[in-house]
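Biologist: I'd like to go through this model with you, asking how each label is earned. Could we start with a single residue and work outwards?

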Amino acid sequence: MSRDDQDIAEPDQFEGAPHPREQFAFFGHEEGEGAFLEGLRSGRLHHAWLIGGAQGIGKATLAYRVARAVLDPEKRSDRAVRNLDVPSGSNTARQVAALSHPNLSVLRRAPATDKKGPSATIPVEAVRRALSMFGSTAADGGYRVCIVDCAEDLTISSANALLKVIEEPPPRSLFLIVSHAPQRVLPTIRSRCRRLLLRPLEDRDVRATIRSLGEPWAGIPDAVVDQALRYGEGSVRRTLELLDEEKVSFIDQVTRLLDGLPKADPKQILALAEALARRDADDSYELALDTVQRWVSGKLHERASLGASRLAPLVEVCEKIDRSAREIDVFNLDRRPFILTMFDDLADAVRRAA
C-alpha cells in the first residue's frame, strides 16, 4: 500500500505538518508506550489494541511507533527493550513512512486525487483487500501489523469484516485501532481489544511536539504558542489550529460572553449574531459553536458534584444547540435567530443549574 505521490494531501494529516507515520519525536504517554514494551519483553503482546483519546494527542503517532518497533527485526527480538525508538534512516522506518512495508496494512480514508476529494469512510472492499495480507505468513517470520486510523471512519460492513479477523487472529498478528470515541466502537470489537486510553498531553509536551515539527512550527514565537495552549486542551492538533492570534482573540470574546451568563449584553450578542450570519463567516461560525460546546462541557465537569438532575438543563441545551446547528446547515437557514436563541437558552440553563 504505497504512496505514489508524496505531495498528495491526506485526510488524516494536519496541513503543513509531518504525518504521524513520519513523526519520530515522541513526548508524553509514557504509560501507553510502557504497556507495549511490557508485551514485547514478555513475548506476550496482545493481538488487538484499541487506542482511544481526544483527537490530536498522539494516538496515531504511537500506533506507527509501535508498528515500526514490532516490524524491525532487531527491536522486536530484544527482550530487554527499553523504548520503541527505531532510527528514521532504517529500512523499516523508511518502508513504514512510505506505506510499502510488506507486513504492514493501513486502513484509512482514501486521500484526494485530481478527480475527486478524500473518501468519507473506509469501505468494506478496502478492508478485505488490506486484510488479505493475514492469509499468508509474514515475509521474515515476524509480525504482521494492521493500523486502523480511525475506527470512526469504518462502516458497519467494514467493521464487521475487521471483526472476523480479530476474532480468529493469525499467529503473530497485531491490530492497532485508533479511536477518538472508543465507546462508539462496535462492542464486539471492543470486547476483543486491550483498551489503552491516552490522556491529553501536558502543556510542556504539546510545546515540545510543536517544536519538533520543524519549520514553520519551530519558529512560532513562544507568546503565540502560549496563547494557543490556553484553549488547546492537551491536543497538538487543536493547538496548531489555534496558532493564530485572531482566532484566540475571537475565542476570548465568545468565552467572555458565556462567562457572563445568565447576564449578558444584548448589544454584544446581537453584534456577534450579525457577524456570524455573514456569508464569509463560516470559519468563525464553526469556531463559535466549538467554543460554546467546550464551554458547556467545562461547566458540566466543574459542577459534576451537583448531580445529574441539577446539570440536566445544561445537557439539554447542549443537545438542542447541536440539533439546531445541523438544521441550519441542512436547510441553509439564517444564523442570526439561532445565535440569539442559543444565548437565551444558555442563560436559562445556567440559571436553572445554579
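Modeller: Happily! Let's begin with His29, which sits in the segment before helix H1 (30–42). Helices here are DSSP runs of H or I with at least four residues, strands are runs of E with at least two, and both are numbered from the N terminus. This is a predicted model, in which local features need pLDDT of at least 70 and side-chain atom pairs count only at pLDDT 80 or more, while totals for chains, interfaces and linings use all residues. Residues are numbered from 1 along each chain as its sequence is written, and side-chain values use heavy atoms, leaving out hydrogens and water.

Biologist: Why is His29 called buried?

Modeller: Buried means under 20% relative accessible area, exposed means over 50%, and partly exposed lies in between (1.4 Å probe, protein chains only). His29 has 10%, so the residue counts as buried. His29 also has a positive phi of about 55 degrees, although it is not a glycine.

Biologist: What makes a positive phi worth pointing out?

Modeller: Most residues other than glycine have a negative phi. Glu233 is another residue with a positive value, near 55 degrees, and is not a glycine either. Glu233 lies in the loop between H9 and H10.

Biologist: Is Glu233 buried, exposed or partly exposed?

Modeller: Its relative accessibility is 44%, so Glu233 counts as partly exposed. Just before it comes helix H9 (residues 222–232), whose buried residues include Val224, Leu229 and Tyr231.

Biologist: What do the buried residues of H9 pack against?

Modeller: They pack against helix H8 (203–212), helix H10 (236–241) and helix H11 (245–259). A contact needs heavy atoms within 4.5 Å. Thr255, in helix H11, touches Tyr231, Thr291 and Trp295, not counting residues up to four places away in sequence.

Biologist: And why is Thr255 called buried?

Modeller: Its relative accessibility is 15%, so Thr255 falls in the buried class.

Biologist: Which residues does a cis peptide bond join, with omega about 10 degrees?

Modeller: Those are Asp149 and Cys150. Cys150 is in the loop between strand E3 (144–149) and helix H6 (156–167). A cis bond also joins Glu215 and Pro216, with omega about 5 degrees, and Pro216 is in the loop between H8 and H9. For comparison, most peptide bonds are trans.

Biologist: How do you know that Arg68 lies over the face of Phe24?

Modeller: A charge sits over a ring if NZ of Lys or CZ of Arg is within 6 Å of the ring centre and within 35 degrees of the ring normal. Arg68 is at 4.2 Å from the ring centre of Phe24. Likewise, Arg172 lies over the face of Tyr143, at 4.6 Å from the ring centre.

Biologist: What is the order of the five strands in the open sheet?

Modeller: The order is E2-E3-E4-E1-E5, with parallel pairing.

Biologist: What makes strand E2 (104–107) and strand E5 (194–197) edge strands?

Modeller: Each pairs on one side only. Two strands pair if DSSP finds at least two bridges between them. E2 and E3 have four bridges in the parallel sense, so they count as paired under the two-bridge rule. One bridge links Leu104 with Val145 in E3.

Biologist: Which strands does helix H2 (residues 59–71) touch?

Modeller: H2 packs on the sheet, touching strand E1 (48–52), E2, E3, strand E4 (173–179) and E5, and its direction makes about 170 degrees with that of E4. Axes are lines fitted to C-alpha atoms, for helices over the stretch in contact, and angles run from 0 to 180 degrees between N-to-C directions.
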